[in-house]
Amino acid sequence: GLITGTDIMKQAEHLKMKSIDQILLPGSMFRAEEEVLLDDVTLTDLQTFFNIPVIKVATEGHALIKQLD
């Protein structure tokens, strides 16, 4: 099935207690040319929830590697 912003918040809530500096999400999860997921949760909503940067990354592998550098 398709993953919504609410799914991410529910399933990854435990990350709020971890020492991580960012969350990377593939751009294919978002509406075309937008930063909005299927359930209208925005990238900003996720950043506020997790209190760390949540970054939309192009779906191609090289984009992920570039972001990790």
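Which residues does Val 57 touch, not counting residues up to four places away in sequence? Hi everyone, let me start with that one. Val 57 touches Leu 24, Leu 25, Pro 26, Gly 27, Ala 63, Leu 64 and Gln 67. Please keep in mind that we are looking at a predicted model.

Let me stay with Val 57 for a moment. Val 57 is found in strand β2. With a relative accessibility of 7%, Val 57 counts as buried, because the cut-off for buried is under 20%. One of its contacts is Gly 27, and there the C-alpha atoms are separated by 5.3 Å, although the two residues are 30 apart along the chain.

Now let's step back to the whole protein. You can count 3 helices and 2 strands, and along the sequence they follow the pattern α-β-α-β-α. As for overall dimensions, the C-alpha trace spans about 30 × 30 × 20 Å along its principal axes. For 69 residues, a compact globule would have a radius of gyration near 11 Å, and this protein has 12 Å, which agrees.

What about contacts along the chain? If we take contacts between residues at least 6 apart in sequence, 66% of them join residues at least 24 apart. The pair of Val 57 and Gly 27, 30 residues apart, can serve as a picture of that kind of separation.

Next, the surface. The accessible surface comes to about 4900 Å², and 54% of that belongs to carbon and sulfur atoms. Of the 69 residues, 29% count as buried. For those of you who think about electrostatics, there are 6 positive and 11 negative charges, and the mean positions of the two groups are 5 Å apart.

On to the inside. In soluble globular proteins, nonpolar side chains tend to be buried together. Here, the largest nonpolar core has 14 residues, and those with the most contacts inside it are Ile 8, Leu 25, Leu 37, Leu 46, Phe 50 and Val 54. The elements giving two or more residues to this core are α1, residues 5-11, β1, residues 23-26, and α2, residues 43-50. Of these, α2 gives the most, with 3 residues.

Leu 25 is a nice residue to click on. Leaving aside neighbours within four places in sequence, Leu 25 is in contact with Ile 8, Phe 30, Leu 46, Val 54, Ile 55, Lys 56 and Val 57. So our opening residue, Val 57, shows up in that list too, because contact here means heavy atoms within 4.5 Å.

Now some backbone angles for the torsion fans. Which phi value does Asp 40 have? Asp 40 has a positive phi of about 70°, although it is not a glycine. Asp 40 sits in the loop between β1 and α2, and at 49% relative accessibility it counts as partly exposed. Asn 51 also has a positive phi without being a glycine, with a value near 60°. You will find Asn 51 in the loop between α2 and β2, and at 67% relative accessibility Asn 51 counts as exposed.

Last stop, helix α3, which covers residues 61-68 and includes Gly 61. Gly 61 is partly exposed, with a relative accessible area of 45%. If you measure from Gly 61 to Ser 19 on your screen, C-alpha to C-alpha, the pair is 25 Å apart in space and 42 residues apart in sequence.

That's my tour, so thanks for listening!

Technical notes
Residues numbered from 1 in each chain as written. Predicted model: local features only at pLDDT ≥ 70, side-chain atom pairs only at ≥ 80, totals over all residues. Heavy atoms only, no water. Helix = DSSP H or I, 4+ residues; strand = E, 2+ residues; numbered from the N terminus. Rg over C-alpha atoms; globule rule 2.2 N^0.38 Å. Buried < 20%, exposed > 50% of the residue type's maximum accessible area, 1.4 Å probe, protein only. Areas by Shrake-Rupley, 256 points an atom, 1.4 Å probe, with all protein chains shown as cover. Lys, Arg positive; Asp, Glu negative; His and termini not counted. Charge placed at Lys NZ, Arg CZ, Asp CG, Glu CD. Core = buried A, V, L, I, M, F, W, Y, C linked by side-chain atoms within 4.5 Å.
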